[in-house]
Amino acid sequence: VGREMLNILEERGFPVSEVVALASRRSQGTEVSFGDRTLKVRALDQYDFSDTDICIMSAGGNVSKEWSPKIGKQGCVVIDNSSAFRYDQDVPLIVPEVNPDAILLFTRKNIIANPNCSTAQLVVALKPLHDLATIKRVVVATYQSVSGAGKEGMDELFTQTRAVFVADQVDVKKFTKRIAFNVIPHIDVFLDDGFTKEEW
């Protein structure tokens, strides 16, 4: 997801004087592309955000819960792509085409959240309908892509797909069941009521 974000920022000509790629220490030194430039990944836990304007966080909920508040306190605005702050009353949940004015509330924690991918595109379509005739309830079933689980999820899909094609053993690591040629009812963590976090 992080690599794709870099691609989109470059593709759209996002006005930036410097881009820094951050990850865990085990990824430190890895190289990623940003347009014609090659960036060496630095360690998140060693980076000083005090001179950074925006941090686009896509490292998963647990990492975001730990680091986004720390980064925000250094004066950097965090745009979080995980589910960590979607239910936090002090963090605006933004879809620019739907509620752009809510972004002004980011100053409470210097964090901006966004909904998951299927919700973001759904509310863009529902907003004009809601404006015309108030919508009270929407029931939706979605099928989420493996890419939402990050590089590990994509690697597991690739490895399992190859194993299926050559009639090899399929190893399950990232997901609870085989993901290749399969659909599983498991997105994010299971809650006490039996639903997953993404379902509500």
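**Reading burial, contacts and domains**

Q: Is T52 buried or exposed?
A: Read the relative accessibility. Buried means under 20%. T52 has 17% relative accessibility, so T52 counts as buried. Keep in mind that this is a predicted model.

Q: Where does T52 lie?
A: Look at the elements on either side of T52. The residue sits in a loop. Strand β4 (42–43) and strand β5 (54–57) flank that loop.

Q: What does T52 touch?
A: Leave out residues up to four places away in sequence. T52 then touches Y47, G75 and C76. With Y47 there is also a polar contact. That contact joins the two side chains at 3.0 Å.

Q: Where is Q160, and is Q160 buried or exposed?
A: Q160 belongs to helix α4, which covers residues 150–165. Apply the same cut-off: buried is under 20%. At 1% relative accessibility, Q160 therefore counts as buried.

Q: Which residues does Q160 touch?
A: Again, skip residues up to four places away in sequence. The contacts of Q160 are V170, D171, V172, R178, I179 and A180.

Q: How many salt bridges does a search of the whole structure find?
A: The search finds nine. One of them is between E18 and R42. Their side chains meet at 3.8 Å, N to O. E18 lies in the loop between α1 (2–11) and β1 (22–23), and R42 lies in strand β4, so the pair ties together parts that are 24 residues apart in sequence.

Q: Why does R42 count as partly exposed?
A: The band runs between the buried cut-off of 20% and the exposed cut-off of 50%. R42 has 39% relative accessibility, so R42 counts as partly exposed. Its partner E18 has a relative accessible area of 51%, so E18 is exposed.

Q: What is the salt bridge partner of E31?
A: The partner is K40. The closest N and O atoms of the pair are 3.0 Å apart. Now read the accessibility of each end. E31 is partly exposed, at 47%. K40 is exposed, at 52%.

Q: What separates D155 and K151 in helix α4?
A: Count along the helix. D155 and K151 are four residues apart in helix α4, so about one helical turn separates them. Their side chains meet in a salt bridge of 2.7 Å, N to O. D155 is partly exposed, with 36% relative accessibility. K151 is exposed, with 53%.

Q: Which domains does the assignment give?
A: For the protein chain, the assignment gives domain 1 (1–115) and domain 2 (141–199). The centres of domain 1 and domain 2, taken over C-alpha atoms, are 25 Å apart.

Q: How many residues of domain 1 are in contact with domain 2?
A: Six residues of domain 1 are in contact with six residues of domain 2. Next, read the area. About 430 Å² is buried between domain 1 and domain 2. Carbon and sulfur atoms give 34% of that area. In domain 1, the residues that lose the most area to domain 2 are V1, S83 and Y87. Together these three make up 63% of what the domain 1 side buries.

Q: How many salt bridges are there between domain 1 and domain 2?
A: The count between the two domains is zero. Polar contacts come next. Counting residue pairs with both at pLDDT 80 or more, the rule finds zero in polar contact across this interface. On the side of domain 1 that touches domain 2, two residues are nonpolar, one is polar and three are charged.

Key:
Residues are numbered from 1 along each chain as its sequence is written. This is a predicted model: local features need pLDDT of at least 70, side-chain atom pairs count only at pLDDT 80 or more; totals for chains, interfaces and linings use all residues. Side-chain values use heavy atoms; hydrogens and water are left out. Helices (H or I, at least four residues) and strands (E, at least two) are DSSP runs, numbered from the N terminus. Buried means under 20% relative accessible area, exposed over 50%, partly exposed in between (1.4 Å probe, protein chains only). A polar contact is a pair of N or O atoms within 3.5 Å; within protein, one must be able to donate a hydrogen and the other to accept it, and residues adjacent in sequence count only if both atoms are side-chain atoms. Contact means heavy atoms within 4.5 Å. Domain bounds come from an automatic or database domain assignment. Buried area is the accessible area (1.4 Å probe) that two parts lose on being put together, summed over both. A salt bridge is a side-chain nitrogen of Lys or Arg within 4 Å of a carboxyl oxygen of Asp or Glu. Ala, Val, Leu, Ile, Met, Phe, Trp, Tyr, Cys and Pro count as nonpolar, Asp, Glu, Lys and Arg as charged, and the others, Gly among them, as polar.
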